[in-house]
Amino acid sequence: MSPQKKHKLDDDRAAISSHLEHTAYIKRITNETKIQVAISLRGGDISLPSSILNKTYDRTPDAKSQTICIHTGIGFLDHMLHALAKHSGWSLIVECIGDLHIDDHHTCEDVGIALGEAFHEALTAHGPIRGVKRFGYAYAPLDEALSRAVVDLSNRPFAVVELGLKREKIGDLSCEMIPHVLESFATSARLTMHVDCLRGFNDHHRSESAFKALALAIKDSLSSTGKDDVPSTKGVLM
């Protein structure tokens, strides 16, 4: 084998190993919702044991690409979670059957909880958080809207979300549920998270810029420091 081919094979193995170390699958069933989430924080191929929606998903041939399939029953929520996954660099599959005949509350809250659980499990499945920046921040514009997000992989959940939305709904998603999705995600993901929309008059733009800013901030917090230490003076994140 040539040195070039061996080097590429080593890189491919490292990419596959990194991918496998940052994956999780969550199934969450209550009287109000039935949800399953598969996530890879490094992108690449993911799958579900079986689809609760009788859907089939194409396999991702390239370990460096992303698989993103979101089906919550609420179109604008799907759109926001797709943006979150895309700009975080995740592969993500979310399926939900919720009691939408009542309203969107249980579906939104429970999807946020399940996604947070999957994120936390993928992040910590192979031991404590090590070798990453821990803190991340980002700004994201969308036309006239501008949002800022700051996150800490603190293992101490807390969320401040100020989006200043004025409409009652965007599509079938209640505007009051948009910050609640983010708060539910932060609680289960065990993140400290501050997300603010700084300006903008279109609520669709304000919301989407916020999710994109959060995605970029999370990606920043997970970037490698080149070291293998726990990023805390305590020696552990707790």
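In this predicted model, ring pairs join W90, F119 and F185 into a cluster. A search through the whole structure turns up three aromatic pairs. One of them is formed by W90 and F185, whose ring centres lie 6.5 Å apart with 45° between the planes, a tilted arrangement. W90 belongs to the loop between α2 (75-88) and β4, while F185 sits in helix α4 (residues 177-189), so this pair ties together parts that are 95 residues apart in sequence. Both W90 and F185 are buried. F185 also pairs with F119, this time edge-to-face, with 5.8 Å from centre to centre and 65° between the planes. Here, too, distant parts of the chain are linked: F119 lies in helix α3 (residues 105-124) and F185 in helix α4, 66 residues apart. F119 is buried, as is F185.

From the rings, the description turns to the strands. Strands of a sheet pair through backbone hydrogen bonds, and they can do so in a parallel or an antiparallel way. One open sheet in this model has four strands in the order β1-β2-β4-β3, with mixed pairing. Its edge strands are β1 and β3 (68-71), each of which pairs on one side only. From one strand to the next, the twist averages 5°.

Within this sheet, strand β1 (residues 23-29) and β2 run antiparallel and are joined by seven bridges. The two strands form a hairpin, with three residues between them. A24 can be found opposite I39 of β2. On to the next neighbour: β2 and strand β4 (residues 91-98) pair in the antiparallel sense, over eight bridges. Two positions help to trace this pairing on the structure. T33 has G98 in β4 as its bridge partner, and I35 stands opposite C96 in β4. How covered is strand β2 (residues 33-40)? Seven of its eight residues are buried, so the strand counts as mostly covered, a residue being called buried when its relative accessible area is under 20%.

A further open sheet of four strands follows the order β5-β6-β10-β7, again with mixed pairing. β5 and β7 (158-162) stand at its edges, and each has a single partner strand, so one side of each is left without a neighbour in the sheet. Neighbouring strands here are turned by 10° against each other on average, with direction ignored. For an example of parallel pairing, look at β7 and strand β10 (residues 192-199), which are connected in that sense over five bridges. V161 is placed opposite V195 in β10.

The last feature lies at the surface. Y137, Y139, V150 and L198 make a nonpolar surface patch of about 400 Å². Among these residues, Y137 is found in strand β5 (residues 135-142), the strand that stands at an edge of the sheet with β7 at the other listed edge position. Is Y137 buried or exposed? Its relative accessibility is 55%, and because residues over 50% are classed as exposed, Y137 counts as exposed. The contrast with the aromatic cluster is easy to follow on the structure: W90 and F185 are buried, whereas Y137 is exposed.

Key:
Residues numbered from 1 in each chain as written. Predicted model: local features only at pLDDT ≥ 70, side-chain atom pairs only at ≥ 80, totals over all residues. Heavy atoms only, no water. Patch = residues over 30% accessible without salt bridge, like charges linked within 9 Å, V, L, I, M, F, W, Y side chains within 5 Å. Areas by Shrake-Rupley, 256 points an atom, 1.4 Å probe, with all protein chains shown as cover. Salt bridge = Lys/Arg side-chain N within 4 Å of Asp/Glu carboxyl O. Buried < 20%, exposed > 50% of the residue type's maximum accessible area, 1.4 Å probe, protein only. Pairing = 2+ DSSP bridges. Phe/Tyr/Trp six-rings, centres within 6.5 Å; stacked < 30°, edge-to-face > 60°. Axes fitted to C-alpha atoms, helices over the stretch in contact; angles between N-to-C directions.
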